[in-house]
Protein chains: 2
Amino acid sequence: MLQRPDPFNAQCPTRRVLDRIGDKWAVLILILLEHETLRFNELRRRIQAISQKMLSQTLKSLERDGLIRREAFPTVPVTVEYSLTELGRTLAVTVDSLRIWAETHIGTVEAAQRRYDRGAEPDLAETASR
Amino acid sequence: MLQRPDPFNAQCPTRRVLDRIGDKWAVLILILLEHETLRFNELRRRIQAISQKMLSQTLKSLERDGLIRREAFPTVPVTVEYSLTELGRTLAVTVDSLRIWAETHIGTVEAAQRRYDRGAEPDLAETASR
DNA sequence: GAGTGGTAGTATCCATTAGATACTGGAAAA
DNA sequence: TTTTCCAGTATCTAATGGATACTACCACTC
């Protein structure tokens, strides 16, 4: 390893990986595939408001990164199954903790948003001096 | 709580929260602020290739969500410090595990990409039949 | 036997978004 | 005196995301 990973350097590969992970559709797909194998249109129905194009694109990227496996069965019409690879499984666990965080703290976040939108200081009227 | 959180429903608030979290700039900012308080231009220098506009926008969203705190000091020129709130700190820990995942598995991901780009099956030449 | 719906996508176009660039205004450094 | 820094905003353009239509084949309904 030539230099230690630095995701804040735009050229560093870990940055590219983080950018991929930090993608809303990728996150949702990983979470969904964590517990079951799903087909293209099943994924589409589950992830509301995703377009076919984005689903197709995101699946392709995830496959390229070795995170998911695509298997096509020569049925009529063709059947395509998507599942996590071992690598993908390790990431899915991590990513799922984001979902858990969101579900746990959604109330606090929404309260903060209301406070902010009501037009004032988020916590205290603090504009300290130096 | 009227219904259980479902991030796959486009209307569910947890989905909106996940979308916010699943944002590459937000992820990087949270990781950076986990261990220190930083000012606007310091953040900009650290996060390579972020534009002022996106930094400004992302900071505003994170502040609105109650994840970071913005403090302005009436110096000349004005000094603005950004730090995590308690809520933000809980998220930063989770998000940082993404960075750790990326740094740990970057080699495997890059190998998978090379294999994929070399034009063939990612793992085995498997096109099973049914 | 015509129409509808399902399979897994691709192609195209347009709206939204991200990014590049220039600008603010006052002070300090070169 | 020109440049630099602070923390942004404003504007314009390039890239991206999303809506829609289409493929080709088959099953099912009417």
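**Close-ups of the A–B contact and the sheets beside it**

Put chain A and chain B together and about 5800 Å² is buried between them, with carbon and sulfur atoms giving 67% of that area. In chain A, the residues that lose the most area to chain B are Phe8(A), Arg64(A) and Trp101(A), which together make up 13% of what that side buries. Keep in mind that this is a predicted model.

**View 1. Chain A and chain B each bring 66 residues to the contact.** What mix of nonpolar, polar and charged residues does the side of chain A that touches chain B have? The split is 31 nonpolar, 16 polar and 19 charged. Between the two chains there are also twelve residue pairs in polar contact, counting pairs with both residues at pLDDT 80 or more.

**View 2. Six salt bridges span the interface of chain A and chain B.** Here's one of them up close: Lys24(B) with Asp19(A). For this pair, the closest N and O atoms sit 3.8 Å apart, which falls within the 4 Å cut-off for a salt bridge.

**View 3. Several helices and two strands of chain A supply its side of the interface.** Which elements give two or more residues to the side that touches chain B? On the helix list are α1 (13-21), α2 (24-33), α4 (52-64) and α5 (86-117) of chain A, and the strands are β2 (68-73) and β3 (79-84) of chain A. The top contributor is α5(A), which puts in 20 residues.

**View 4. Chain A has an open, antiparallel sheet of three strands.** Read across the sheet, the order is β1-β3-β2. The edges are β1 (38-39) and β2 of chain A, each pairing on one side only. Between β2(A) and β3(A), the antiparallel pairing runs over six bridges. If you want a spot to look for, Ile68(A) has Leu84(A), in β3(A), as its bridge partner. Now bring in the helix: α2(A) packs on this sheet and touches β1, β2 and β3 of chain A. The direction of α2(A) makes about 90 degrees with that of β3(A).

**View 5. In chain B, a hairpin takes you from β2(B) to β3(B).** How many residues make the link between these strands? Five residues join β2(B) to β3(B). The strands themselves, β2 (residues 68-73) and β3 (residues 79-84) of chain B, run antiparallel and are joined by six bridges. To find your way around, look for Ala72(B), whose bridge partner in β3(B) is Val80(B).

Key: Residues are numbered from 1 along each chain as its sequence is written. Chains are lettered from A and ligands numbered from 1 in the order in which they are written. This is a predicted model: local features need pLDDT of at least 70, side-chain atom pairs count only at pLDDT 80 or more; totals for chains, interfaces and linings use all residues. Side-chain values use heavy atoms; hydrogens and water are left out. Contact means heavy atoms within 4.5 Å. Buried area is the accessible area (1.4 Å probe) that two parts lose on being put together, summed over both. A salt bridge is a side-chain nitrogen of Lys or Arg within 4 Å of a carboxyl oxygen of Asp or Glu. A polar contact is a pair of N or O atoms within 3.5 Å; within protein, one must be able to donate a hydrogen and the other to accept it, and residues adjacent in sequence count only if both atoms are side-chain atoms. Helices (H or I, at least four residues) and strands (E, at least two) are DSSP runs, numbered from the N terminus. Ala, Val, Leu, Ile, Met, Phe, Trp, Tyr, Cys and Pro count as nonpolar, Asp, Glu, Lys and Arg as charged, and the others, Gly among them, as polar. Two strands pair if DSSP finds at least two bridges between them. Axes are lines fitted to C-alpha atoms, for helices over the stretch in contact, and angles run from 0 to 180 degrees between N-to-C directions.
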